[in-house]
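Ready for a few short exercises? Have a look at the sequence and the model, then work through each task before reading its solution.

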Amino acid sequence: MPLSEHEQRLFDQIERSLAEDPKFASAVRNSDPRFHARRRLVVAVLVGILGLALVVYGTVSKSTPLGVAGFVVMLAAAAFGIQSRRKGQSPDLHVVGGTATRRTRQARRGGFIERLEDRWRQRPEGHR
C-alpha cells in the first residue's frame, strides 16, 4: 500500500533527522550483524597475510616448524573468513534490542537416513 504525500514527507523528514544524528548512526552501525561479519572478514584477511609472511620467512630461514606454523595460521584464517562471510550473508540474522541474534530452525528429527527417506517419499511421482 503506497504512502500518502503527507506520510511520505513525514517519513523523509524523519529519515533526514536520523541521518544527521552521528550518535544514532554509530549505534545502528554497531548493532548491525553484517558490520561485525565484515570486520571479522577483514581480520581474517590480515591474519592470513601474516600466516603467508610466516611461511615465506620460515622457507627463507630454513625453519620448517615456522613454515608449518605459518601454514596453520593461514588455514585457520581462511576457515574463520569463510565462517564470517557465511554469517554476514545469512538471511536469518536480525537485530533485536541492539544485539544480533540468530533464529534457530526447528530441530530435525532423525538422522541422515531419515532425511533421505523423507526426500525419497516427497519426490515427484514421475521420477519413480
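A residue is called buried under 20% relative accessible area, exposed over 50%, and partly exposed in between. Keep in mind that this is a predicted model.

**Exercise 1.** Find the salt bridges of arginine 121 and describe the setting of each partner.

*Solution.*
- Step 1: Start with aspartate 118, whose side chain meets that of arginine 121 in a salt bridge of 2.7 Å, N to O.
- Step 2: Aspartate 118 has 34% relative accessibility, so it counts as partly exposed.
- Step 3: Because arginine 121 and aspartate 118 are three residues apart in helix H5, about one helical turn separates them.
- Step 4: Salt bridges with shared partners join Glu117, Asp118 and Arg121 into one network.
- Step 5: In the bridge between arginine 121 and glutamate 117, the N to O distance is 3.7 Å.
- Step 6: Glutamate 117 is partly exposed at 40% relative accessible area, while arginine 121 is exposed at 53%.
- Step 7: The count for the structure comes to two salt bridges.

**Exercise 2.** Where is lysine 62 located, and is it buried or exposed?

*Solution.*
- Step 1: Lysine 62 lies in the loop between helix H3 (33-60) and helix H4 (64-89).
- Step 2: Its relative accessibility is 75%, so lysine 62 counts as exposed.
- Step 3: Now check the backbone: lysine 62 is not a glycine, yet its phi is positive, about 55°.

**Exercise 3.** Which residue has its charged end over the ring of tryptophan 120?

*Solution.*
- Step 1: The residue is arginine 123, with its charged end 3.5 Å from the ring centre of tryptophan 120.
- Step 2: As for aromatic pairs, the structure holds zero.

Notes: Residues are numbered from 1 along each chain as its sequence is written. This is a predicted model: local features need pLDDT of at least 70, side-chain atom pairs count only at pLDDT 80 or more; totals for chains, interfaces and linings use all residues. Side-chain values use heavy atoms; hydrogens and water are left out. Rings of Phe, Tyr and Trp (its six-membered ring) pair if their centres lie within 6.5 Å; planes under 30 degrees apart count as stacked, over 60 as edge-to-face and the rest as tilted. A charge sits over a ring if NZ of Lys or CZ of Arg is within 6 Å of the ring centre and within 35 degrees of the ring normal. Helices (H or I, at least four residues) and strands (E, at least two) are DSSP runs, numbered from the N terminus. Buried means under 20% relative accessible area, exposed over 50%, partly exposed in between (1.4 Å probe, protein chains only). A salt bridge is a side-chain nitrogen of Lys or Arg within 4 Å of a carboxyl oxygen of Asp or Glu.
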